[in-house]
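Reader: I would like to go through this model contact by contact, with the reasoning spelled out each time. Could we take the side chains before the backbone?

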Amino acid sequence: MRNANPLRSVLLGSVTLMSAAGVLAQDWPQWRGPNRDNKVTGFTAPAAWPKQLTKKWQVTVGTGESSPLLVGDKVYTFGRQGGDEVTLCLNAANGKEIWKDAYNAKPVTGPAATVGGGFKGTRSTPAVGEGKICTLGVAGVVSCLDAATGKVVWRKDTKDYPSYYTSSSPIIVDGKCIVYVAALTAFDLASGDSKWTWKGGGTPYGSPILMTAAGTKQVVTPTHGGLAGVALADGKELWQVKVGSGGGDYQSNYSTPVIDGDKVIYSYSPKGKGGTFAIKIEKKDSGVTATEVWKKDLAAHQYHTPVLKDGLLFGTTKAPSLNLFCLNAQTGETLWTDDAKRGQCGSILDAGSVLLSWSSDKELVVMEPSNKAFKEIAKYKVADAETWAVPIVAGNRIFVRDRGGALTLWTID
């Protein structure tokens with residue numbers, strides 16, 4: 001995948017040795033992993049899956065949907081505890097607190113606090129890189145902390161957030177913390193000063209991703225009613241396409257773009273039909289163009305980003321069906337959908353020989369990455385409350401954060 005190199009140079013290591021399993025297990029330093037593609041390395045599926053997973057420890061980290069991170073022997077979480085938004089650094093082996101940062105934060109109010117049982121905690125997943133950890137609070141507070149000590153490097157209350165509060169996750173790259181607050185903004189990682197901004201659309205709920213296409217490193221970001229490519233170096237707009245009708249807050253796009261070489265695949269599910277499409281990013285004359293390759297009616301659930309594996313796109317369909325699906329990533333053709341209803345949101349991880357699927361119904365489903373049909377290998381209950389955060393899989397360890405505020409370490413023994 002072409003967007004791998006920019007991240008490799010800035011993350012705090014790409015792998016960590018897990019002595020218990022004796023294998024290399026990758027770090028998980030940001031939303032959806034090192035390259036934001038939900039791909040797990042260093043995982044070997046057991047010859048026979050156990051009847052149950054082993055629960056090693058469980059700690060309370062605060063309410064929210066923010067996904068946990070793993071860098072070396074440390075786990076980082078971001079959540080709400082009482083009136084504070086709290087960043088925790090924990091020992092990955094035993095869950096013990098290493099450091100804690102907290103600041104008083106504006107509470108979530110209105111429909112966002114009540115619809116669907118309420119979403120009162122943090123939603124944005126932090127990013128760890130270049131010795132720092134950056135977070136985005138629900139009401140637009142951007143923080144940069146020292147990843148080793150938790151000391152505040154800088155904190156800015158932008159006071160900017162969409163109607164249903166923030167959920168877009170920061171990127172750390174090339175000395176910048178890139179996050180969407182009012183505009184897509186590149187903050188200087190050391191000082192917090194703005195290095196550039198791009199104001200091409202309203203604040204989205206979905207998160208940006210890096211790619212290199214048309215000879216340019218770029219940030220591909222959802223916007224309110226669109227999708228755009230912005231030059232990483234200076235914030236110059238390279239291309240932009242319309243997504244949905246652009247009307248109403250729910251037309252803001254929730255998912256993360258999927259990068260497939262020089263193509264961007266995006267699934268959107270607003271109030272209305274929605275769909276999935278692929279565009280090719282290439283040079284034309286003196287500029288950059290985004291040309292549609294295919295577009296199909298099948299749409300992933302609005303809070304779900306599909307995973308790309310070996311030319312196949314696996315995901316969960318929009319409500320009310322909530323079925324797992326498989327598309328041909330070259331043509332958009334639907335290859336199969338299963339008939340079991342899953343929970344909302346959810347995530348699918350590419351773990352090599354298997355796919356690991358989570359949804360808000362509290363279960364982990366192990367399945368074959370087949371283009372023929374859904375085939376379940378194993379299933380486990382991994383939480384007592386709904387699981388909207390992306391779990392971490394490292395060696396034989398699985399870190400699961402649920403909406404009830406618990407972070408649990410399970411092992412495959």
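Reader: Which residue lies over the face of W388, and at what distance from the ring centre?

Author: In this predicted model, W388 belongs to an aromatic cluster that also holds F119, Y205, Y254 and Y303. A charge counts as sitting over a ring when CZ of Arg is within 6 Å of the ring centre and within 35 degrees of the ring normal. The residue over the face of W388 is R403, at 5.3 Å from the ring centre.

Reader: With which residue does R403 form a salt bridge, and how many residues apart in sequence are the parts that the pair ties together?

Author: The partner of R403 is E386, and the closest N and O atoms of the two are 3.3 Å apart. E386 lies in the loop between β31 (376–381) and β32 (392–394), while R403 lies in the loop between β33 (397–401) and β34 (406–411), so the pair ties together parts that are 17 residues apart in sequence.

Reader: Is R403 buried or exposed, and why?

Author: The partner E386, at 30% relative accessibility, counts as partly exposed. Buried means under 20% relative accessible area. Because R403 has 17% relative accessibility, the class that applies to R403 is buried.

Reader: Which ring does the charged end of R342 sit over, and how far from its centre?

Author: R342 also forms a salt bridge, in this case with D338, where the closest N and O atoms are 2.6 Å apart. Both R342 and D338 are buried. The ring beneath the charged end of R342 is that of F374, with the charge at a distance from the ring centre of 4.9 Å.

Reader: Which strands does the salt bridge between R155 and D101 tie together?

Author: The structure holds twelve salt bridges, and in this one the side chains of R155 and D101 meet at 2.5 Å, N to O. The pair ties together parts that are 54 residues apart in sequence, because R155 lies in strand β11 (residues 152–157) and D101 in strand β7 (residues 97–104). R155 counts as partly exposed at 31% relative accessibility, whereas D101 is buried, with a relative accessible area of 8%. The strands asked for are therefore β11 and β7.

Reader: What is the geometry of the aromatic pair formed by Y266 and F277?

Author: Y266 lies in strand β21 (residues 263–268) and F277 in strand β22 (residues 275–284), so this pair ties together parts that are eleven residues apart in sequence. Y266 counts as buried at 1% relative accessibility, and F277 counts as buried at 6%. The ring centres are 6.2 Å apart with 55 degrees between the planes, and the pair is tilted.

Reader: Which residues have the most contacts inside the largest nonpolar core?

Author: The largest nonpolar core has 36 residues, and the elements that give two or more residues to this core include β3 (54–60), β6 (84–91), β29 (355–358) and β30 (363–367). L356 touches, among others and not counting residues up to four places away in sequence, W49, L364 and V393. A second, separate core of 19 residues includes M211, A213, V264 and Y266. The residues with the most contacts inside the largest core are W49, L356, W358, L364, I398 and F399.

Reader: Where is the cis peptide bond, and what is its omega?

Author: Most residues other than glycine have a negative phi, and most peptide bonds are trans. P320 lies in the loop between β25 (312–316) and β26 (324–328). The peptide bond from A319 to P320 is cis, with omega near 10 degrees.

Reader: What phi does D285 have, although it is not a glycine?

Author: D285 is placed in the loop between β22 and β23 (287–296), and D285 is exposed, with a relative accessible area of 78%. A182, in the loop between β13 (176–181) and β14 (183–188), has a positive phi of about 70 degrees. For D285 the phi is positive, at about 55 degrees.

Reader: Over which residues is the pLDDT below 50?

Author: The protein averages a pLDDT of 90, and 92% of the residues score at least 70. The stretch below 50 has 61 contacts in the model beyond near neighbours in sequence, and this stretch is residues 1–24.

Conventions
Residues numbered from 1 in each chain as written. Predicted model: local features only at pLDDT ≥ 70, side-chain atom pairs only at ≥ 80, totals over all residues. Heavy atoms only, no water. Salt bridge = Lys/Arg side-chain N within 4 Å of Asp/Glu carboxyl O. Helix = DSSP H or I, 4+ residues; strand = E, 2+ residues; numbered from the N terminus. Buried < 20%, exposed > 50% of the residue type's maximum accessible area, 1.4 Å probe, protein only. Phe/Tyr/Trp six-rings, centres within 6.5 Å; stacked < 30°, edge-to-face > 60°. Core = buried A, V, L, I, M, F, W, Y, C linked by side-chain atoms within 4.5 Å. Contact = heavy atoms within 4.5 Å. pLDDT = per-residue confidence, 0-100.
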